[in-house]
Amino acid sequence: MKFSLIFLILSIPFLLSSSGFAKSYLFNPLNQPNAQDWRVFRNATPTEQQAIYKSFEAQGFHFENWHWAWRVGFLQTCHLDGALSCLTLISKGLNDKAVVVRAEAATRLAQVASPSDSQALALLTKAYQNKNNWRAGQPLFIQFRILDAIRKFDDPTVSVILKRFANDHPVIANYLKSR
């Protein structure tokens with residue numbers, strides 16, 4: 001019974017309008033997208049992407065449970081001025097279980113946020129402190145993405161934040177000196 005219910009849920013097509021006509025296409029957010037999935041998704045309008053997101057969520061497939069590639073894809077296409085709440089996705093992404101998703105969220109936040117957005121800066125500062133961004137006392141690549149993202153803000157506290165992070169670890173200090 002469980003299997004047939006899951007199959008039924010995953011078989012619900014998404015209606016995407018393209019070139020003036022409607023076509024249905026099946027996505028399974030739990031599986032890695034194939035080339036055709038990516039083409040359809042990337043060619044969808046922001047409104048259609050929002051419909052896909054809402055459909056996944058309404059079916060109980062929450063962002064944090066999707067395949068990491070779908071999470072990265074939605075982060076790469078979200079816009080703060082779009083219908084889909086990019087800041088919500090980025091907030092989830094910054095705390096994701098997959099480091100590649102966390103890194104994409106940090107990069108995307110720097111791209112879409114205003115340089116004076118103190119909320120975005122606070123999200124990045126908090127993300128930097130995530131213990132999952134370190135292994136054996138060494139920073140993972142995401143830490144450098146976060147540092148680069150923080151440097152894009154014109155907030156007066158940026159230099160204080162970066163100094164504090166530089167004092168925490170010599171690798172971080174060297175990275176910041178080299179920039």
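**T125 and its surroundings**

Mentor: In this predicted model, T125 touches I150, I161, R164 and F165, leaving aside residues up to four places away in sequence.

Trainee: What makes I150 a residue that T125 touches?

Mentor: A contact needs heavy atoms within 4.5 Å. I150 is listed among the residues T125 touches, so that cut-off is met.

Trainee: Why is T125 called buried?

Mentor: The relative accessible area of T125 is 12%. Buried means under 20%, and 12% is under that limit, so T125 is called buried.

Trainee: How common is burial among the residues in the chain?

Mentor: Buried residues make up 46% of the 179 residues.

Trainee: Where is the place of T125?

Mentor: T125 is in helix α7, which covers residues 118-128. The chain has ten helices and four strands.

Trainee: Which residues touch the most other members of the largest nonpolar core?

Mentor: F74, I90, L124, L147 and I150 do, in a core of 49 residues. Helix α6, residues 99-112, gives the most to this core, with seven residues.

Trainee: Why is I150 counted in a nonpolar core?

Mentor: Membership requires a buried residue of a listed type, Ile among them, joined to others through side-chain atoms within 4.5 Å. I150 is a member of the largest core, so I150 meets those conditions. In soluble globular proteins, nonpolar side chains tend to be buried together.

Trainee: What share of the contacts between residues at least 6 apart in sequence join residues at least 24 apart?

Mentor: The share is 59%.

Definitions and conventions: Residues are numbered from 1 along each chain as its sequence is written. This is a predicted model: local features need pLDDT of at least 70, side-chain atom pairs count only at pLDDT 80 or more; totals for chains, interfaces and linings use all residues. Side-chain values use heavy atoms; hydrogens and water are left out. Helices (H or I, at least four residues) and strands (E, at least two) are DSSP runs, numbered from the N terminus. Buried means under 20% relative accessible area, exposed over 50%, partly exposed in between (1.4 Å probe, protein chains only).
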